[in-house]
Amino acid sequence: MNGPGTVFRESSADPRTESVPFSHLSLELGHLYMEDFAEGAARLRRHFAGVRPWVEAARAGLGPLPPGRRPRISTCFLIDDYFSRLATPAELIPPLLAAAAEAGLTIDYLARESGCAGPAPGPGGSDHRDRARPAESVLHRLVESPPPGSNGFRPPVGRTGWLTNGRRTPSQRTSAALDSTGVWQPPSETEARGHSVFLDVELWNGPEDARTWSCAFLASVWQLVRLGLLRDNGAAVLTPTRWQGAEFPAEWDALPPVLQLNPAATPFTAYVTCSVLPTRFLPVEHAVRVILDQVHVEAEALQQVAARSTGEGFPVPAGVVDRTSYVFPPGL
Amino acid sequence: MSGLGTTDGPALICGEVRTCLLPTRRAVDERTAVLLLRLRADEPVRTSRRPNRHALSPDVLTGVDCRLPTATGAKVRAVGTVAAHAGLVEGRVLQSTAYFSAPATGPDRRRPWGYYLVRPGSLVPVGRLPEKSVTEGFLTGHQQDLLDVGSIAESLLARISRRHDLLDHDAPLTTTDTSLRWTASPADDGEPASALFTELGSGRRIVELRLPRGTTPVAAATLCEDLALHDWLLTTVGDKLDGLPPGSENQAAAMKVLRPLVDHLLHLWMPQARLDRALSPPWEELERHPGFSRQWNTMAQRIRDQLALQNLVRGEVPALS
């Protein structure tokens, strides 16, 4: 903007985007409802025994890296403390870690699902970084995929709190006099191949100032966090806090949103993610992909990942949703 | 983002700027400006204090999949996002711009949406983009069912104006909103940047730009916002002075018109405040002909003369009686 020699800059006019470290792969070692934990240690052991072979497969599936590069894989586990809290961290976490260890697995990072929603209102979250509200940020970053014919004057018809992968069935007229045609029109998937698989995802419910985020929406935030693509006014969000040896507290809100349990772990955020999940989460993850496909990630964050991954010979797919993958093993 | 006319950059950048007086009695301070323009919680409003106060919202995107206007009537479908942002000058004049850039060619069918979201503010043609025809079609005007960037800019203005908690909707003077529709295509090597500025009346303006290769869409939008702001100032003040009774005839009526101009608009003239230096030739050309600053200075001087005269007259009256 200036000529050679003289430079005048204003930091508030030219903000910066913090960079984060990256592993090659972020591997999620399953997900359980609170009720599953209530079933006891045997249930947890069965879970991790079922996950184990697919962890090996995911490692092998990373593909050849340039010579001299060691694969950096970090593992993580997301605890659902958002929808129900049947047990305290002190009761729940130690058996979880023990069951994983028994299967020969290490949980490098442990995250709380409510961390993806943002801090609970009221005191707490003393660290500025913990005050970010990732779910709300992602909500404001949704750019709906336009069905053909969307020209700006007629933007995609949004329904508050819902997101689709296409065009909804036009609403039926209720007046009998006007309803003489009464022909039902089907919904359609915008990127259908021949036939539609139309999906309408509920992102949240409840009053706007006290929303309850849906599981699918928080899972989308979780993917973006693992991919290192979220920022709050340029600062990284949900950065891991080291947690060594200390007793786990009796309150979930007393735990940071992301804990680093293994001091030797490679970075939490990664170029690509793989989640080993029970098949019952398939519909949720379908919804996650519909959401991720419509999130506009900050350009500078995307740029940082692209530059770094290309620099080390591990280029990532351009589309964010293509950086996520899943394993749905039998019997999990 | 790659610049205009570069190998992987856009072949064409188009947009529309809407300019209006912020609907509030007093100019807002920087804190309020930031609240008004905070379109997203996780991205800051950019504020700048030199050489004047300016606040700029983050870009918001609107997905579109529709036909582009063409002069020849050729059917050109484009898919992608139109970017829009709003700016506030000295807490007094609100502008919103919707703009997009378009590459010369695109895939021959619509791709998954993620492909477009990593190209924010880019409308990718399905097939080849007839640049000349789209430029002409875009500037000529709007047709139903074709791309409508004006609506996107307008809805952003409406979204900001709806903040009744921050705005009292009691403007100190009536003004006409203007819309400035623009296109930018790459200038040939060695050709200086240029602009063809057309006033269509009733607040509508079109500007056809030829800009240096490598110009970013944001820089092009900044130039057009700068042109739109100053054109709006000239239009607004010019309209107020048009047919103004001389102060000597009707002092009160003249004061009623002149005072808000002094209070709210006269200090806003600041051409090329944040302009990329490479883009100053069009401005300089407009300064020579028709002479934007020349007209402004004349009008400002006329206002000051009128006020000075009234002061003199007021001083004389008691002496005469």
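**Which side chains meet in a salt bridge, Asp42(B) with what partner, and how many Å from N to O?**

Before solving this, a word on the model. It is predicted, so local features need pLDDT of at least 70 and side-chain atom pairs count only at pLDDT 80 or more, while totals for chains, interfaces and linings use all residues. Residues are numbered from 1 along each chain as its sequence is written, chains are lettered from A in the order in which they are written, and side-chain values use heavy atoms, leaving out hydrogens and water.

**Exercise 1. Work out how chain A and chain B meet, beginning with the question above.**

Step 1: The partner of Asp42(B) is Arg141(A), at 2.8 Å from N to O. The rule for a salt bridge asks for a side-chain nitrogen of Lys or Arg within 4 Å of a carboxyl oxygen of Asp or Glu.

Step 2: Now count. Between the two chains there are 2 salt bridges, plus a tally of 13 residue pairs in polar contact, both at pLDDT 80 or more. A polar contact is a pair of N or O atoms within 3.5 Å; within protein, one must be able to donate a hydrogen and the other to accept it, and sequence neighbours count only if both atoms are side-chain atoms.

Step 3: Add the residues involved. Chain A brings 38 and chain B brings 36, where contact means heavy atoms within 4.5 Å.

Step 4: Finish with area. The size of an interface is often given as the accessible area lost when the parts come together. Here chain A and chain B bury about 3,000 Å², 53% of it on carbon and sulfur atoms; this is the loss for a 1.4 Å probe, summed over both parts.

**Exercise 2. Describe how the two domains of chain B touch.**

Step 1: Get the bounds. Domain 1 covers 12–227 and domain 2 covers 235–320, bounds that come from an automatic or database domain assignment.

Step 2: Look at the spacing and the contact. The C-alpha centres of the two domains of chain B are 29 Å apart, and 29 residues of domain 1 are in contact with 23 residues of domain 2.

Step 3: Check the chemistry. Domain 1 and domain 2 of chain B bury about 2,100 Å² between them, 69% of it on carbon and sulfur atoms. The rule finds 0 salt bridges across this interface, but there are 8 residue pairs in polar contact, both at pLDDT 80 or more.

Step 4: Find the top supplier on the domain 1 side. That's H5(B), with 6 residues. Helices (H or I, at least four residues) and strands (E, at least two) are DSSP runs, numbered from the N terminus.

**Exercise 3. Compare two non-glycine residues with positive phi: is each one buried or exposed?**

Step 1: Take Leu238(A), with phi of about 50°. Leu238(A) sits in the loop between strand S11 (235–236) and strand S12 (241–242) of chain A.

Step 2: Take Ser202(B), where phi is near 45°. Its loop runs between S9 and S10 of chain B.

Step 3: Apply the cut-offs: buried is under 20% relative accessible area, exposed is over 50%, and partly exposed is in between (1.4 Å probe, protein chains only). Leu238(A) has 8%, so it's buried, whereas Ser202(B) has 71%, so it's exposed.

**Exercise 4. Locate the cis peptide bond between Arg50(B) and Pro51(B).**

Step 1: Omega at this bond is about 0°.

Step 2: Pro51(B) is in the loop between strand S2 (46–48) and strand S3 (54–56) of chain B.

Conventions
Buried area is the accessible area (1.4 Å probe) that two parts lose on being put together, summed over both.
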